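Me: I should like to go through the reasoning behind the terms used for this structure. Please set each value against its criterion before concluding.

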Amino acid sequence: MLNWAAVPVGLFAFVHAGLQKGEAFTAANKRTKPVWMAITGGGTLACALFQFYDYTFIFWIAGLVAVLVYIVDVKPKVVEVQRGSQW
């Protein structure tokens, strides 16, 4: 169950990153939009392919951490920039 709970979180992060303006990422002093699309997409893929309860759990954890970094750190800053508070 824990394995598949991470996949929708990753999909949310991937879709959110895709819907944002590319300039907002650089204005927020984060990496570029294509980099975050690759990170969230790769993280989601890792969560879907690897099992938490298996010997490949390290890849699952790495994918989840990558997605959570976007959600906790990058997403709020990008949204803040697009609201006009820093532009």
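Me: What share of the residues of the protein counts as buried?
Reply: In this predicted model, 29% of the 87 residues count as buried. The criterion is a relative accessible area under 20%. The protein exposes about 5,300 Å², and carbon and sulfur atoms supply 70% of that area.

Me: Why is T56 counted as buried or exposed?
Reply: T56 has a relative accessibility of 13%. The limit for a buried residue is under 20%, and T56 therefore counts as buried. T56 lies in the loop between α3 and α4 (57-82). Leaving aside residues up to four places away in sequence, T56 touches F50 and Q51.

Me: Why is N29 counted as buried or exposed?
Reply: The relative accessibility of N29 is 68%. Exposed residues are those over 50%, so N29 counts as exposed. N29 is located in the loop between α2 (22-27) and α3.

Me: What makes the phi of N29 worth noting?
Reply: Most residues other than glycine have a negative phi. N29 is not a glycine, yet its phi is positive, at about 60 degrees.

Me: Why are α1 and α3 described as roughly parallel or antiparallel to each other?
Reply: Helix α1 (residues 2-19) and helix α3 (residues 33-49) pack at an angle of about 165 degrees. Angles over 145 degrees count as roughly antiparallel, and α1 and α3 are therefore roughly antiparallel to each other. Their axes are 8 Å apart, and α1 passes α3 in a left-handed crossing.

Me: Which residues make the contact between α1 and α3?
Reply: From α1, the contact involves N3, W4, A6, V7, G10, L11, A13, F14, A17 and G18. From α3, it involves K33, M37, T40, G41, T44, C47 and A48.

Me: How do the residues of the contact of α1 with α3 divide into nonpolar, polar and charged?
Reply: The residues of this contact comprise 10 nonpolar, six polar and one charged. Gly is counted among the polar residues in this division.

Me: What elements does the protein have, and how do they run from the N terminus on?
Reply: The protein has four helices and zero strands. From the N terminus, the order is α-α-α-α.

Me: What share of contacts in the protein joins residues at least 24 apart?
Reply: Among contacts between residues at least 6 apart in sequence, 66% join residues at least 24 apart. Taken along the principal axes, the C-alpha atoms fill a box of roughly 45 × 20 × 15 Å.

Technical notes: Residues are numbered from 1 along each chain as its sequence is written. This is a predicted model: local features need pLDDT of at least 70, side-chain atom pairs count only at pLDDT 80 or more; totals for chains, interfaces and linings use all residues. Side-chain values use heavy atoms; hydrogens and water are left out. Axes are lines fitted to C-alpha atoms, for helices over the stretch in contact, and angles run from 0 to 180 degrees between N-to-C directions. Helices (H or I, at least four residues) and strands (E, at least two) are DSSP runs, numbered from the N terminus. Angles under 35 degrees count as roughly parallel, over 145 as roughly antiparallel, 65 to 115 as roughly perpendicular and the rest as oblique. A crossing is left-handed if the near helix is turned anticlockwise from the far one by less than a right angle, and right-handed if clockwise. Contact means heavy atoms within 4.5 Å. Buried means under 20% relative accessible area, exposed over 50%, partly exposed in between (1.4 Å probe, protein chains only). Accessible areas come from the Shrake-Rupley method with a 1.4 Å probe; for residues, only the protein chains shown count as cover.
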